Amino acid sequence: MTAAGRADLLVVGASFAGVACATEAARAGLRVILIERKTDAGDKLHTTGIVVKEAADEIERLGHFAPELIRPIRGVRLYGSRLASVALDSPGYFFLATDTPNLMRWLIEQAINAGVDVRLGTLFTGAQRETGGVVVDNIGPVRFIVGADGPTSKVARTFNLGLNREFLFGVEAELTGVSLPEPERLHCFLDRRLARGYIGWAFDGVGVTQIGLAARQRHGRDKVDLDAFIAKLGQIFDLASMKVVARRAGLIPIGGPVDPIAGDRVLLVGDAAGLVSPLTAGGIHTALESGRAAAVAIATALAHDSGGALSTTIDVPQFAAKRLLRKAFDLFQSDRLFDALLNTGALAIAARLVYFHRRGLLSAGAWRDLLRR
Ligand SMILES: Cc1cc2nc3c(=O)[nH]c(=O)nc-3n(C[C@H](O)[C@H](O)[C@H](O)COP(=O)(O)OP(=O)(O)OC[C@H]3O[C@@H](n4cnc5c(N)ncnc54)[C@H](O)[C@@H]3O)c2cc1C
């Protein structure tokens, strides 16, 4: 605590964004408390945990993680609704499947090693403002708060910040007793009936096979029928000996950044700030990046704290092109059309841009990749 008895920073939520923020802030010399409602950060996950290689670089900044925590995935096989498929590759590019429960636990260790006061099993329930800081229920006075508490952030609601309003809902099963063909690939399935607005997926992860799907949530929580999807995959994969060992599920915000993301002595990061690709629904990389950027911004702001109002913010991606493509996908998703296009060069090119190039045609890597063919 500072001389005034306050922590410099309270981070709410110990997942990718919160751990990155707390660890970097502690390394910058701040006194940081990180709270997480779960007693085990690796429990009840709501992510598939596939990371792009840029996200792996962000994780590596936090510490050198054991190779057993990851498994490279070197390509994609994209299936139409009738299960015809096309293989997609981008030379040199890969994703990483992660042992996400243990990766989360390892991330918490990095925060503790950096000097963060980590309090698992601690729920953020509310806070009141006071001069020069905030008094947080069950925690006490702090100088700054970061909301890294996910898509329906309580921190955002407490401080009247922007809220996520558009979501996918994703459900996934972890299975044993299954080994997929082409284990080096992520298998992705277009099916408007089962995965409206998104896709289904299957891949051999680290020690388990993961099968899941996500769909647009329009009116409350529409049903996402994982059992029907698994039954469909039984037509092409041998799932006879499968055993479900765990389930993961959660909301994925896809409306772009919330507004505002910051207020007096409070800042949102990761899913709480809406920093998820509206198209791919990948949010781990932006969660890590925004957490780290927030730590730098807050350390700088607190160094000039004169005890009055104190605001700081971070640059966030606006996802303008991806939001447009998301609207187009929502409007025109058609199994018949995708089935017809599946083996044409056009769909393969579009899919390679989505899967392998975060900045689409704006990235030099995308042009190199496309011109190579
Ligand atoms: C089914 C599914 C699959 C996904 N798959 C991928 C993928 O493969 N790759 C990818 O890049 N992205 C994926 N995403 C998105 C990705 O998981 C998120 O973007 C990422 O986890 C965001 O990290 P975060 O730290 O911002 O928030 P979260 O991971 O949502 O973490 C928020 C944390 O805050 C805690 N918390 C919430 N409220 C409180 C409170 N009041 N008090 C204390 N703690 C609280 C929660 O317990 C949680 O630990 C997926 C999402 C879902 C739902």
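## Two domains, one core and a ligand shell

The domain assignment, whose bounds come from an automatic or database source, divides the protein into domain 1 (7-67 + 98-164 + 259-320) and domain 2 (72-96 + 166-254 + 326-371). This is a predicted model, in which local features need pLDDT of at least 70 and side-chain atom pairs count only at pLDDT 80 or more, while totals for chains, interfaces and linings use all residues. Residues are numbered from 1 along each chain as its sequence is written.

The C-alpha centres of domain 1 and domain 2 lie 28 Å apart, and 21 residues of domain 1 are in contact with 23 residues of domain 2, a contact being a pair of C-beta atoms, placed from the backbone, that lie within 7 Å. On the side of domain 1 that touches domain 2, strand S3 (51-52) and helix H2 (53-62) each supply at least two residues.

The secondary structure comes to 10 helices and 18 strands, taken as DSSP runs numbered from the N terminus (helices: H or I, at least four residues; strands: E, at least two). The radius of gyration, taken over C-alpha atoms, is set against a globule rule of 2.2 Å times the number of residues to the power 0.38; the value for the protein is 21 Å, close to the 21 Å that the rule gives for 373 residues, so the protein is as compact as a globular protein of that length.

Of the 373 residues, 47% count as buried, meaning that 20 or more other C-beta atoms lie within 10 Å of the residue's own. The largest nonpolar core has 109 residues, of which Leu 9, Cys 21, Val 32 and Val 269 touch the most other members; such a core is a set of buried Ala, Val, Leu, Ile, Met, Phe, Trp, Tyr and Cys residues joined through C-beta atoms within 7 Å. Helix H6 (residues 284-303) gives this core its largest share, 10 residues. Leaving aside neighbours within four places in sequence, Val 269 is in contact with residues including Cys 21, Val 146 and Ala 294.

Around the ligand there are 39 residues, the closest being Gly 13, Ser 15, Gly 170, Gly 270 and Gly 283, where nearness requires a C-beta atom, placed from the backbone, within 6 Å. The largest share of this shell, 4 residues, comes from strand S16, and both domain 1 and domain 2 contribute at least three residues each.

The table gives residue classes, with Ala, Val, Leu, Ile, Met, Phe, Trp, Tyr, Cys and Pro as nonpolar, Asp, Glu, Lys and Arg as charged, and the others, Gly among them, as polar.

| Region | Nonpolar | Polar | Charged |
|---|---|---|---|
| Side of domain 1 that touches domain 2 | 10 residues | 8 residues | 3 residues |
| Shell around the ligand | 17 residues | 14 residues | 8 residues |

How values were computed. Buried ≥ 20, exposed ≤ 12 C-beta atoms within 10 Å, placed from the backbone. Contact = placed C-beta atoms within 7 Å.
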